[in-house]
Amino acid sequence: MVRLIKPENMNMDENIRRLRRALDEADAVVIGAGAGLSTSAGYIYAGERFERYFSDFTEKYGFRDMYSGGFHVLQSSPEEMWAYWSRYIWINRYAPIPNDTYDLLLNLVKDKDYFVITTNVDHCFQRSGFDRKRLFYTQGDYGLLQSSNPHGASAHKTYENEEIMRKMVLAQGFEIGENNELIVPEGREISMRIPSDLIPYCPDDGEPMTMNLRSDDTFVQDEGWEAASQRYTEFLRRHQNVKTLFLELAVGFNTPVIIKLPFIQMTEHWKDAAYACLNYGEACTAESIEDKSICIDGDIREILSELKLHRKAV
């Protein structure tokens with residue numbers, strides 16, 4: 001059993017210098033990213049951002065954040081469900097990334113031999129310029145649809161959704177800016193339904209479509225998913241004997257077997273590996289690798305900004 005602890009040394013300034021040095025000296029960097037990274041990038045699912053696009057759903061159903069709303073509308077008509085999800089997908093997948101958090105991270109690792117594994121589904125890494133062949137999205141992608149009952153020709157296929165999502169949000173009365181910003185026109189009533197002829201059905205099996213998000217055993221791992229998984233496995237195999245930094249960013253405890261526990265185990269067994277955990281309120285490591293760990297408790301964007309200032313730490 002892994003015993004998690006907070007190291008004795010939690011001095012932020014000192015640990016930022018240690019992490020800068022570890023980044024500079026590493027031959028390879030394996031990035032593990034959780035939901036908190038996108039939260040730091042401005043993907044807030046409640047508050048002003050939610051009210052701007054979903055106040056009509058709040059008035060009808062009473063929920064006050066996008067995540068909760070996704071469960072409420074699953075019981076609605078397909079026209080209303082897709083009205084909700086098209087807004088949700090557009091602002092979290094196609095509209096501009098709210099701030100430069102992902103740009104700061106890319107700046108730190110772009111000249112390194114890096115690979116990214118993430119449970120995030122907003123595709124911010126690729127949209128920010130990370131090499132798509134160095135990315136493994138384990139839990140799906142807001143930009144893809146799949147059959148709700150994948151079988152036959154649809155069993156291992158996903159489908160790009162930007163065109164149909166665009167039609168859905170425009171049909172509700174929104175406008176889309178040149179940079180893909182979703183605009184609520186002044187004085188225009190926004191519909192909570194899409195036209196029935198926009199409800200998506202799978203072209204290969206005729207079933208209603210759904211988001212390609214891992215929620216049950218119908219989740220489709222398509223050819224792209226399988227190829228990314230193989231590239232990640234191969235990257236790890238090739239770097240077992242070099243100086244490797246496992247850089248964990250805002251990973252929670254919902255699915256620790258995907259990133260956190262493997263990172264800890266590899267750090268323990270690889271001679272020249274180090275582990276860094278950056279997390280707001282949950283920065284921790286395993287007792288067995290405390291001497292190989294750097295833990296920084298704070299906002300990811302602020303930490304990345306500080307790392308950028310500490311170039312070539314001594």
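## Salt bridges

The structure contains 19 salt bridges, counted in a model that is predicted. Side chains of opposite charge can pair when their charged atoms come close. Three of the pairs are described below, followed by a network with shared partners.

## A pair at the loop after helix α3

Arg64 and Glu51 form a salt bridge in which the closest N and O atoms are 3.5 Å apart. Glu51 belongs to helix α3, whereas Arg64 sits in the loop between α3 (48-61) and α4 (66-72), so the pair ties together parts that are 13 residues apart in sequence.

The two partners fall into separate accessibility classes. Arg64 has a relative accessible area of 55% and is exposed, because the cut-off for that class is over 50%. Glu51, at 32% relative accessibility, counts as partly exposed.

## A pair linking distant parts of the chain

Asp100 and Arg301 meet through their side chains in a salt bridge, with an N to O distance of 2.7 Å. Asp100 is found in the loop between α5 (78-94) and α6, and Arg301 in helix α11, so this pair ties together parts that are 201 residues apart in sequence. Asp100 counts as partly exposed at 28% relative accessibility, and Arg301 is also partly exposed, at 31%.

## Packing of helices α6 and α11

Arg301 also takes part in the contact between helix α6 and helix α11. The axes of α6 (residues 101-109) and α11 (residues 300-309) come within 9 Å of each other and cross at roughly 35°. The crossing of α6 past α11 is left-handed. On the α6 side, the contact is made by Thr101, Leu104, Leu105, Asn107 and Leu108; on the α11 side, by Ile300, Arg301, Leu304, Ser305, Leu307 and Lys308.

## A pair within helix α8 and a network

A further salt bridge joins Glu162 to Arg166, with the closest N and O atoms 3.7 Å apart. Both residues lie in helix α8 (residues 162-171); because they are four residues apart, about one helical turn separates them. Glu162 is partly exposed at 31% relative accessibility, as is Arg166 at 29%.

Elsewhere, Asp113, Asp131 and Arg134 are joined into one network by salt bridges that share partners.

## A nonpolar surface patch

Val2, Leu4 and Phe253 make a nonpolar patch of about 220 Å² on the surface. Leu4 is located in strand β1 (residues 4-5). With a relative accessibility of 33%, Leu4 counts as partly exposed, and this value meets the requirement of over 30% for patch residues.

Definitions and conventions. Residues are numbered from 1 along each chain as its sequence is written. This is a predicted model: local features need pLDDT of at least 70, side-chain atom pairs count only at pLDDT 80 or more; totals for chains, interfaces and linings use all residues. Side-chain values use heavy atoms; hydrogens and water are left out. Patches are made of residues with over 30% relative accessible area and no salt bridge: like charges are joined within 9 Å, nonpolar side chains (Val, Leu, Ile, Met, Phe, Trp, Tyr) within 5 Å. Accessible areas come from the Shrake-Rupley method with a 1.4 Å probe; for residues, only the protein chains shown count as cover. A salt bridge is a side-chain nitrogen of Lys or Arg within 4 Å of a carboxyl oxygen of Asp or Glu. Helices (H or I, at least four residues) and strands (E, at least two) are DSSP runs, numbered from the N terminus. Buried means under 20% relative accessible area, exposed over 50%, partly exposed in between (1.4 Å probe, protein chains only). Axes are lines fitted to C-alpha atoms, for helices over the stretch in contact, and angles run from 0 to 180 degrees between N-to-C directions. A crossing is left-handed if the near helix is turned anticlockwise from the far one by less than a right angle, and right-handed if clockwise. Contact means heavy atoms within 4.5 Å.
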